[in-house]
Amino acid sequence: MQFLRLFFFKENSYFSSSSLTFCRGQLLNPAKFSQHQSNVLRFSRQHRSNVPRGESFAPRQTIVPTELATESGYIDPSSLWKCFAFTVAFTTGSFVGVTIWEYETIRSRAMTALRSKLNLNWFRERARNGRQEVDQWRKEVSGWWSRLTPGERVFAPICALNVVVFGLWRLPQLQPMMVRYFASNPAARAVCWPMFLSTLSHYSLFHIAANMYVLHSFSHAAVATLGREQFLGLYLSAGVIASFASHVFKTVMRQPGLSLGASGAIMAVLAYVCTQYPDTQLSIVFLPMYTFSAGAAIKVIMGIDLAGVLLGWKIFDHAAHLGGALFGLFWAHYGSTRVWPLREHFVGYWHELRGPPKK
C-alpha cells in the first residue's frame with residue numbers, strides 16, 4: 001500500500017543510495033561525516049557534467065540509479081520506439097489470433113456436424129452404454145453458459161481475469177512484482193508487457209467495479225455488431241494503444257507515473273457503440289431520470305479527456321482514455337469495413353497450412 005502511494009503521490013521524490021548510505025554512516029560514525037559528504041558532492045558534479053541537459057528528462061537533482069529511481073524518475077525518450085514496436089506487434093498479433101480462433105471455431109463446428117451425421121450409431125451406442133460426455137456439474141455449467149448472451153460470454157472471461165489480478169494486488173508479498181509488471185510506467189525498466197498487463201489490473205474496488213459495469217453495459221451491443229472475435233481484437237488492441245498514448249504524453253510532459261486499469265480499452269468499446277448507435281438513449285446509474293443520446297455522451301466524455309490533456313489534470317489518465325476513444329472511432333469509421341476484411345487473405349494461408357481435416 002505504501003509502495004503505491006509513493007508512486008502516485010510522490011512521483012517527483014527521488015532517493016539516492018549514496019545519500020542513504022551516508023545517513024547510516026553519519027549515525028554510526030560521526031567522524032566520517034566530512035569525508036563522506038565531499039565524496040557525494042564530487043560524484044554529483046561529475047554525474048551532472050556527463051549528462052547533456054537537452055537530453056535528460058529527469059529533474060536536476062542528483063540521482064543515483066536505484067530500483068526506485070528507475071521506476072519513478074528518468075524517462076528515456078528512445079524507449080518510445082520500443083513501445084511503438086510492441087504496440088504494432090501486439091495489435092497485429094491480436095487480430096491474427098482472433099482470426100485463427102474464428103477459423104478454428106467454424107472448422108470445429110463443421111466437423112462436429114459432419115461426424116454427427118456419419119456416426120449416429122456410434123452416438124446411440126455410447127448413450128446406450130451410459131457413457132456420458134460430461135459429468136453432471138459440467139452439464140450445469142454448460143447450461144448456465146448457454147443461457148448467457150453472446151456479449152456476456154465474452155464479458156465473463158474478461159471480468160474473471162480482472163478479478164483475479166485484483167486479488168493478486170491484495171497479497172503484500174506480490175506487490176513489488178505487481179508494480180513492475182501490472183502497472184504501466186514509461187520510466188520503468190519493463191515497458192512493453194506492462195502496457196498490456198496493466199489493462200487487466202485494478203487496485204481499488206471502486207475502480208474495477210465501475211469499469212466492469214461499463215464494459216458489461218456496452219459489450220452486448222458491441223459483440224452483436226462486431227462478433228466476438230472482432231470485439232476481442234478491438235478490446236485487446238485498444239488497451240495497448242491507450243497505454244502507448246499514455247507513454248507518449250508522459251514522455252513529452254516529463255511526468256513519470258504509474259497507470260493501470262481497463263479504462264482505455266473500454267473507452268474504445270464505448271466510442272464504437274456510441275458512433276454506431278448515436279441516437280440510443282443513455283442514463284447515469286444513480287440518476288436514471290436524466291437521459292441523453294449516445295452521440296452526445298461520447299463527445300462530452302472525449303471533450304473532458306481532451307481538456308484534461310491540455311490543462312494537465314491528474315484525476316485520471318486522460319491521455320490513455322483519449323487514445324482508446326480515438327481508436328474506437330477509427331474502428332467504427334474505417335477499421336471494421338476496411339481492415340477487418342483483410343483477414344480473409346490470412347485465412348487462406350492458414351487453411352493451406354492446416355491441411356484437410358482428419359476423418
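A residue is called buried when its relative accessible area is under 20%, exposed when it is over 50%, and partly exposed in between (1.4 Å probe, protein chains only). This is a predicted model, so local features need pLDDT of at least 70 and side-chain atom pairs count only at pLDDT 80 or more, while totals for chains, interfaces and linings use all residues. Residues are numbered from 1 along each chain as its sequence is written, and side-chain values use heavy atoms, with hydrogens and water left out.

**View 1. The whole protein has 16 helices and two strands.** Helices (H or I, at least four residues) and strands (E, at least two) are DSSP runs, numbered from the N terminus. Of the 359 residues in the protein, 40% are buried. A contact is a pair of heavy atoms within 4.5 Å, and among the contacts in the protein with a separation of 6 or more, 73% join residues that are 24 or more positions apart.

**View 2. The largest nonpolar core has 45 residues.** A nonpolar core is a set of buried Ala, Val, Leu, Ile, Met, Phe, Trp, Tyr and Cys residues joined through side-chain atoms within 4.5 Å. Inside this largest core, the residues with the most contacts are Leu215, Phe231, Tyr235 and Trp331. Two or more residues come from each of α5 (79-118), α8 (150-169), α11 (205-226), α12 (228-253), α13 (263-276), α14 (294-311) and α15 (318-339), and α13 gives the most, with ten residues. A close look at Phe231, leaving aside its neighbours within four places in sequence, shows contacts with Val154, Ile158, Leu215, Ser219, Ala222, Val223, Leu226 and Val269. Apart from this core lies another one, which has 19 residues, among them Phe86, Val165, Met178 and Phe196.

**View 3. Helix α13 is largely enclosed by the rest of the structure, because twelve of its 14 residues are buried.** The buried residues in α13 are Ser263, Gly264, Ala265, Ile266, Met267, Ala268, Val269, Leu270, Ala271, Tyr272, Val273 and Cys274. Their cover includes α11, α12, β1, α14 and α15. From its first C-alpha to its last, α13 reaches 20 Å, close to the 20 Å expected at 1.5 Å a residue; the expected span of a helix is 1.5 Å times one less than its number of residues.

**View 4. Helix α12 is also shown as an enclosed element, since 20 of its 26 residues are buried.** The 26 residues of α12 should span 38 Å at 1.5 Å a residue, and this agrees with the 37 Å that separates its end C-alpha atoms. Where the helix has just ended, Arg254 takes a positive phi of about 55°.

**View 5. Helix α8 includes buried residues such as Phe155 and Trp169.** The full set of buried residues in α8 is Gly151, Val154, Phe155, Ile158, Cys159, Asn162, Val165, Phe166 and Trp169. With 20 residues at 1.5 Å each, α8 should span 28 Å, and the 30 Å between its end C-alpha atoms agrees with this value.

**View 6. His321 has its place in helix α15.** His321 counts as buried because its relative accessibility is 13%. When residues up to four places away in sequence are not counted, His321 touches Ser263, Gly264, Met267, Asp305 and Phe316. Of these residues, Ser263, Gly264 and Met267 are among the buried residues of α13.

**View 7. Phe90 lies in helix α5.** With a relative accessibility of 14%, Phe90 counts as buried. Its contacts, leaving aside neighbours within four places in sequence, are with Trp193, Phe196, Leu236 and Val240. Although Phe90 and Ser237 are 147 residues apart along the chain, their C-alpha atoms are separated by 7.0 Å.

**View 8. Arg354 is found in helix α16 (residues 343-354).** Arg354 counts as partly exposed, because its relative accessibility is 35%. Not counting residues up to four places away in sequence, Arg354 touches Tyr103, Glu104 and Arg107. Along the chain, Arg354 and Glu104 are 250 residues apart, while their C-alpha atoms are separated by 9.9 Å.
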